[in-house]
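User: I am new to this structure and would like to go through it step by step. Please explain how each answer is reached, and finish each one on what I asked for.

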Amino acid sequence: MSDTIPAAPAINPPPRRRPSPARWWKLGLAMVLVFAFAVSWFAIDSARPVAAPSQVRSRRGRVAQLPPPRQARPAPSPARSRRAERIRTRSS
Amino acid sequence: MSAFRAMGTDVRVVTPGLGPTREAAVTRRVAAVFDESERRFSRFLPESELARLNRATGPTPVSAPMLAALDRARAYVDLTRGLFDPTIGSSLDAAGYDRSFAPGALDRPTRPPPGAPAGFDQVVVDAAAGTVSRPPGVRLDLGGFIKGHTADRAARLLPEVAAVDAGGDAVLRGAGPDGDGWLVDVEDPADAARVVLTLRVRDAAVATSAPNRRRWLVAGAEQHHLIDPRTGLAGASDLAQVTVIARTAELADVLAKTAFFLGATAGRRFLERLPAVAGVLVRHAGSVEVVGDVDVVDE
């Protein structure tokens with residue numbers, strides 16, 4: 001018997017398929033479209049005017065003052081849900 | 001909660017401790033008080049005592065409730081230095097408010113003739129003889145003042161914890177349904193669907209004055225019902241709305257109108273000088289100022 005380990009039989013790797021020129025074109029076109037969409041979205045969002053929370057600009061350009069925003073109300077307790085027992089004061 | 005219609009507004013009666021049957025019985029008694037008051041003090045019902053007084057010439061016999069109302073009115077004229085004055089009736093007619101208000105009902109293409117200049121010092125009340133004299137053309141209007149007084153009277157018929165709410169002029173008895181005070185939402189005059197803040201009130205009355213609801217068109221120009229006695233014209237103010245909390249709805253109504261005509265700075269000082277009075281001033285710009293000692297709910 002021989003002590004030498006027989007060499008493993010050589011495995012031939014499968015031949016690499018090179019992308020065809022048509023696949024390169026499709027991949028490139030998809031990347032260009034995604035990039036163009038991202039750029040246009042960012043541009044539109046940056047151009048949108050930002051108003052202060054208490055101000056709204058009317059179509060005529062005047063700034064209208066709104067009442068100060070109210071804090072969100074917590075979920076009503078059973079007592080407070082009895083809206084019929086609340087009083088609403090207003091001019092009449 | 002029960003409701004009925006009187007004095008051109010919806011009146012609600014809230015009695016948390018009563019069942020439906022007893023609440024309905026209480027509401028009928030409250031409605032009777034409003035009905036009796038309207039038949040006596042209405043400017044628009046032709047056979048009311050006030051309408052007959054406004055048509056009369058010379059010393060005119062009047063009822064004890066009318067004498068008492070005019071006596072209280074004179075005290076308020078003095079308190080407000082004439083910014084409350086029942087002789088604005090002629091000016092209201094001249095502004096086109098000569099019938100019960102409804103949206104569009106007061107619109108007209110031409111302006112009515114101007115009212116005669118008037119002041120309450122021209123009205124002579126002879127308590128001993130039980131008569132009232134006024135110059136021709138001077139007509140009395142007791143509108144919101146009497147509505148508040150009627151709510152005060154009606155509230156005496158209610159249980160210890162109950163409320164009567166006459167279109168925003170309300171008398172609140174006791175500590176409310178949950179014992180912590182009645183929750184009173186102050187409506188936003190710029191948007192009736194919103195509330196500028198909520199108060200917690202016990203054993204007191206509230207009233208609100210603003211020109212935002214009773215508006216109409218005369219010869220294409222907008223009018224409203226808050227007549228400034230100093231000019232006889234619809235009053236202008238840097239305030240969009242005033243709410244007053246006081247001992248009675250009658251007092252709260254008078255003070256709310258007065259503070260409105262005074263404007264934000266003088267109106268605040270005026271309310272601060274009065275004992276047991278608080279207020280909420282809303283400017284046209286939307287800012288809200290709380291005057292005096294009142295519990296604002298943090299919601």
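User: In which loop of chain B is Ala219(B) found?

Analyst: This is a predicted model, and what follows should be read as computed from it. Ala219(B) has a phi near 50°, a positive value in a residue other than glycine, and Ala219(B) is exposed because 12 other C-beta atoms lie within 10 Å. Its place in chain B is the loop between strand E11 (215-218) and strand E12 (221-224).

User: Where does Arg81(B) lie, between which helices of chain B?

Analyst: Arg81(B) follows H3(B), and although Arg81(B) is not a glycine, its phi is positive, at about 50°. With 12 other C-beta atoms within 10 Å, Arg81(B) counts as exposed. The loop that holds Arg81(B) runs between H3 and helix H4 (89-94) of chain B.

User: Why can the buried residues of H3(B) be said to lie on the same side of the helix?

Analyst: Helix H3 of chain B covers residues 64-79, and its end C-alpha atoms are 23 Å apart, which agrees with the 22 Å that its 16 residues should span at 1.5 Å a residue. Its buried residues are Met66(B), Ala69(B), Ala73(B), Tyr76(B) and Val77(B). They are on the same side of H3(B) because around the axis they cover an arc of only 105°.

User: Which residues of H3(B) are exposed on the other side, and what covers the buried ones?

Analyst: The exposed residues on the other side of H3(B) are Ala64(B), Asp71(B), Ala75(B) and Asp78(B). The cover over the buried residues of H3(B) includes, in chain B, helix H1 (20-41), helix H2 (49-55), helix H5 (143-155) and H6.

User: How many residues of H5(B) are buried?

Analyst: The end C-alpha atoms of H5(B) are 19 Å apart, in agreement with the 18 Å that 13 residues should span at 1.5 Å a residue. H5(B) is mostly covered, and its count of buried residues is 13 of 13.

User: Which exposed residues does H1(B) carry on the face turned away from its buried side?

Analyst: H1(B) has 22 residues and reaches 31 Å from its first C-alpha to its last, close to the expected 32 Å. Its buried residues, including Val26(B), Val30(B), Val33(B) and Phe34(B), cover an arc of only 155° around the axis and therefore sit on the same side of H1(B). The face turned away from that side carries the exposed residues Pro20(B), Thr21(B), Ala25(B), Arg28(B) and Ala32(B).

User: Is Glu38(B) buried, partly exposed or exposed?

Analyst: Glu38(B) belongs to helix H1 of chain B, and, leaving aside neighbours within four places in sequence, Glu38(B) is in contact with Ala6(B) and Met7(B). Because 18 other C-beta atoms lie within 10 Å, Glu38(B) is partly exposed.

User: Which helix of chain B gives the largest share of the largest nonpolar core?

Analyst: The largest nonpolar core has 79 residues, and among those that touch the most other members are Val164(B), Val244(B), Leu255(B) and Ala259(B). The largest share of this core is ten residues, and they come from helix H6 (residues 249-262) of chain B.

User: At what angle do the axes of H6(B) and H7(B) cross?

Analyst: Leu255(B), Thr258(B), Ala259(B), Phe260(B) and Leu262(B) in H6(B) meet Ala266(B), Gly267(B), Phe270(B) and Leu271(B) in H7(B). The crossing in which H6(B) passes H7(B) is right-handed. The axes of H6(B) and H7(B) come within 6 Å, and they cross at roughly 145°.

User: What separates the C-alpha atoms of Phe261(B) and Gly235(B)?

Analyst: Phe261(B), which lies in helix H6 of chain B, counts as buried because there are 25 C-beta neighbours inside 10 Å. Beyond neighbours within four places in sequence, Phe261(B) is in contact with Leu83(B), Asp228(B), Gly235(B) and Ser237(B). Although Phe261(B) and Gly235(B) are 26 residues apart along the chain, their C-alpha atoms are separated by 6.5 Å.

User: What pattern does chain A follow along the sequence?

Analyst: Chain A has 92 residues, of which buried residues make up 7%. There are one helix and three strands in chain A, and, read along the sequence, they follow the pattern α-β-β-β.

Notes: Residues numbered from 1 in each chain as written. Chains lettered and ligands numbered in written order. Predicted model: local features only at pLDDT ≥ 70, side-chain atom pairs only at ≥ 80, totals over all residues. Core = buried A, V, L, I, M, F, W, Y, C linked by C-beta atoms within 7 Å. Buried ≥ 20, exposed ≤ 12 C-beta atoms within 10 Å, placed from the backbone. Helix = DSSP H or I, 4+ residues; strand = E, 2+ residues; numbered from the N terminus. Expected span 1.5 Å × (residues − 1). Arc of directions from axis to C-beta. Contact = placed C-beta atoms within 7 Å. Axes fitted to C-alpha atoms, helices over the stretch in contact; angles between N-to-C directions. Left-handed = near helix turned anticlockwise from the far one by under 90°.
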